[in-house]
Amino acid sequence: MIFVLGATGKVGRALVPTLLDAGADVRALTRDPAKATVDPRADVVQGDLDTADLPALLDGADRVFVLTQGHSTEREAAVARAATRAGVTHLVKLSTTGVHFGQTDPITRAHADAEQAIREAGPAWTILRPGAFMDNRFAWRDTIRDENTVYAAEGDPASALIHVRDIAAVATLALTTPDHHGATYELTGGEALTTERQVAILSAALGRSVKFVEEPESAARERMMRKYGWPAQAVDGFFALKRESAQREHVVFDTVERLLGRPPLTFANWAGENAAAFPYHYRG
Ligand SMILES: NC(=O)c1ccc[n+]([C@@H]2O[C@H](COP(=O)([O-])OP(=O)(O)OC[C@H]3O[C@@H](n4cnc5c(N)ncnc54)[C@H](OP(=O)(O)O)[C@@H]3O)[C@@H](O)[C@H]2O)c1
């Protein structure tokens, strides 16, 4: 049985059905099963990684997909230790390309330390290091709805965004086939797109022209805190990561195509699938 952490998140929502389709038994973790939308074929279990009885959650698991939010090395190290004691044979950790590039921002450092904890725990391991997700563009929903506009901080880099279904497909391969023990995979989409180009592709999928506005970082910070309610510390972490990743976000890795035998999904694929998620109230 495969125990999936982060089962209700962007990656986990794509991963759980793919694992089930591959014939695996899946236990899916969430803090709130009443709110969670999880594939009904999975065994949904309640637990908060900060307080949970890990041995009970891990009982009977032979593989674990390790994804935590909040970038706590200690949380992942605790999962790795408990998994080892529970007899788990394979840990697959979701990390970030930032580790490959040696970034030193706090989010990347936490992933680097957690990778180390996973490698040293005992079970076989596989590390997946995706770059920025296409799903991050759901953050554009509110200003597209209210103003038909996407605001981006000046100097936003071209980015080789990856579709979460490609991450899920690689994770499924790693968790269900034998050849990926001890492997570390950097994962991106197939091409780097400027933010302006991404907005043009989304506009084509929506059938209307969405405006693209570049703004100073101070305005972007203000928007994240005031409009989206991000805590100041999270905004700092976001921009620290962004400053360090800006030089590398355009780098394309061929890993998805090499492993899956098909090209990565494109931003046009993503925009077409998600057009309905961008409603439009703007009458300006
Ligand atoms: N976004 C990017 O561009 C990007 C790029 C590279 C790497 N990453 C990495 O991807 C990871 C985030 O993945 P994601 O975007 O799929 O996640 P997400 O959509 O932010 O969802 C977070 C998941 O974590 C679970 N969770 C949060 N706190 C928890 C707790 N205390 N105990 C148990 N479960 C908890 C949530 O479950 P419930 O709410 O149901 O409990 C949910 O399933 C991070 O490590 C991030 O650094 C992101």
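# A walk through the helix packing

Start with α1 and α7: these two helices are oblique to each other, because their axes cross at an angle that is not under 35 degrees (roughly parallel), over 145 (roughly antiparallel) or 65 to 115 (roughly perpendicular). What you have open is a predicted model, in which local features need pLDDT of at least 70, side-chain atom pairs count only at pLDDT 80 or more, and totals for chains, interfaces and linings use all residues. Residues are numbered from 1 along each chain as its sequence is written, and side-chain values use heavy atoms, with hydrogens and water left out.

**Stop 1: α1 against α7**

Select residues 10-21 for α1 and 164-176 for α7; their axes come within 8 Å and cross at roughly 50 degrees. Axes here are lines fitted to C-alpha atoms, for helices over the stretch in contact, with angles from 0 to 180 degrees between N-to-C directions. Helices are DSSP runs (H or I, at least four residues), strands likewise (E, at least two), and both are numbered from the N terminus. The α1/α7 crossing is right-handed (the near helix is turned clockwise from the far one by less than a right angle; anticlockwise would be left-handed).

Now show side chains. On α1, the contact (heavy atoms within 4.5 Å) is made by Lys 10, Val 11, Ala 14, Leu 15, Thr 18 and Leu 19. Facing them on α7 are Val 164, Arg 165, Ile 167, Ala 168, Ala 171, Thr 172, Leu 175 and Thr 176. Colour by class and you get nine nonpolar, three polar and two charged residues. Here Ala, Val, Leu, Ile, Met, Phe, Trp, Tyr, Cys and Pro count as nonpolar, Asp, Glu, Lys and Arg as charged, and the others, Gly among them, as polar.

**Stop 2: α3 against α5**

Jump to residues 73-85 (α3) and 106-120 (α5), whose axes come within 9 Å and cross at roughly 15 degrees. That's why this pair counts as roughly parallel. The crossing of α3 and α5 is right-handed. Pick out Thr 73, Glu 76, Ala 77 and Ala 80 on α3, which make the contact with Ala 110, Asp 113, Ala 114, Ala 117 and Ile 118 on α5. By class, that's six nonpolar, one polar and two charged residues.

Stay on α3 and select its buried residues (under 20% relative accessible area; exposed is over 50%, partly exposed in between, with a 1.4 Å probe and protein chains only): Glu 76, Ala 77, Ala 78, Val 79, Ala 80, Ala 82 and Ala 83. These pack against α2 (54-58), β4 (63-66), β5 (90-94) and α5.

**Stop 3: just past α3**

Step off the end of α3 to Gly 87, which takes a positive phi of about 85 degrees. Val 88 sits in the loop between α3 and β5, and is buried at a relative accessible area of 6%. Leaving aside neighbours within four places in sequence, Val 88 touches Leu 58, Ala 61, Asp 62, Arg 63, Val 64, Ala 83 and Pro 123. Try a distance label from Val 88 to Leu 58: 8.2 Å between C-alpha atoms, for 30 residues along the chain.

**Stop 4: two more loops**

Gly 60 is in the loop between α2 and β4, and at 53% relative accessibility it counts as exposed. From Gly 60 to Arg 27 is 9.8 Å, C-alpha to C-alpha, with their places 33 residues apart in sequence.

Finish at Asn 148, in the loop between α6 (141-147) and β7 (149-153). Asn 148 has a positive phi of about 50 degrees, though it is not a glycine. At 7% relative accessibility, Asn 148 counts as buried.
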